Amino acid sequence: MATHASLAFVLVRFRGDPSEPLTTAAADRMFTAAGRGTLNVVDWFDDNTHGAIDMSGNRVFGWYELPDTLAEYSARRTDGTYPRVKIVELARA
């Protein structure tokens, strides 16, 4: 019996940058059961765990805008104000 281990994939972009390098539909195909059979994340876990982990409940959320511009984020990373994991905290907020 497979263990269900669903993940949420959050699409974020920096403030003031309207670009979306990946459409929501493409992200759904890449990360969720909508793309089953295309060698996506769900297929990878199924194949590599021999069916022991079921990721078919994955969901994609977004696009959400981060509170920082890319320049602000980069400056804070460079001067040590932001740790490497800060991007995750910004996305959660």
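Student: In which sense do β2 and β4 pair, and over how many bridges?

Tutor: Two strands pair if DSSP finds at least two bridges between them. Here β2 and β4 run in the parallel sense, with six bridges joining them. One to look up is Ala8, whose bridge partner in β4 is Arg59. Some ground rules before we go on. This is a predicted model, where local features need pLDDT of at least 70 and side-chain atom pairs count only at pLDDT 80 or more, while totals for chains, interfaces and linings use all residues. Residues are numbered from 1 along each chain as its sequence is written, and side-chain values use heavy atoms, with hydrogens and water left out.

Student: Fine. How many helices and strands are there in the chain, and in what order do the elements run?

Tutor: Both kinds are DSSP runs numbered from the N terminus: H or I over at least four residues for a helix, E over at least two for a strand. This chain has four helices and four strands, and from the N terminus they go β-β-α-α-β-β-α-α.

Student: Back to β2. Which residues make up its covered face and which its uncovered one?

Tutor: In a regular strand, side chains alternate between the two faces of the sheet. In β2, the covered face has Phe9, Leu11 and Arg13, and the uncovered one has Ala8, Val10 and Val12.

Student: Which residues make up the largest nonpolar core?

Tutor: A nonpolar core is a set of buried Ala, Val, Leu, Ile, Met, Phe, Trp, Tyr and Cys residues joined through side-chain atoms within 4.5 Å. Buried means under 20% relative accessible area, exposed means over 50%, and partly exposed is in between, using a 1.4 Å probe and protein chains only. The largest core here has seven residues: Phe9, Leu11, Ala27, Phe31, Val41, Val60 and Trp63. At least two of them come from each of β2, α1 and β4 (59–65). A separate core has five residues, including Phe14, Leu66, Tyr73 and Tyr82.

Student: And what is Ala27 in contact with, leaving aside its neighbours within four places in sequence?

Tutor: Contact means heavy atoms within 4.5 Å. With those neighbours left out, Ala27 touches Leu11, Leu22, Thr32 and Val60. Apply that to Tyr64, a residue of strand β4, and you get Val10, Leu11, Val12 and Arg13. Tyr64 is partly exposed, with 44% relative accessible area.

Student: How many salt bridges does the structure hold?

Tutor: For a salt bridge, a side-chain nitrogen of Lys or Arg must come within 4 Å of a carboxyl oxygen of Asp or Glu. There are five in this structure. Among them, Arg15 and Glu72 have N and O 2.6 Å apart. That pair spans 57 residues, from the loop between β2 (8–13) and α1 (24–31) to helix α3 (residues 70–78). Arg15 is partly exposed at 34% relative accessible area, and Glu72 is partly exposed too, at 28%.

Another is Arg13 with Glu20, whose closest N and O atoms lie 2.7 Å apart. Then look at Lys86 and Glu89, at 3.4 Å from N to O. Those two sit three residues apart in helix α4 (residues 86–92), about one turn. Lys86 is buried at 19%, whereas Glu89 is partly exposed at 40%.

Student: What about backbone oddities? Which residues does a cis peptide bond join?

Tutor: Gly62 and Trp63, with omega at about 15°. Trp63 lies in strand β4. Check phi as well: Leu39 has a positive value of about 60° without being a glycine. Leu39 sits in the loop between α1 and α2 (41–48) and is exposed, at 73% relative accessibility. His50 also has a positive phi, near 55°, in the loop between α2 and β3 (53–54), and is exposed at 76%.

Student: Last one: what radius of gyration does the chain have?

Tutor: The radius is taken over C-alpha atoms, and the globule rule is 2.2 Å times the number of residues to the power 0.38. The chain has 16 Å, where a compact globule of 93 residues would be near 12 Å. Along the principal axes, the C-alpha atoms fill a box of roughly 50 × 25 × 20 Å. Buried residues make up 27% of the 93.
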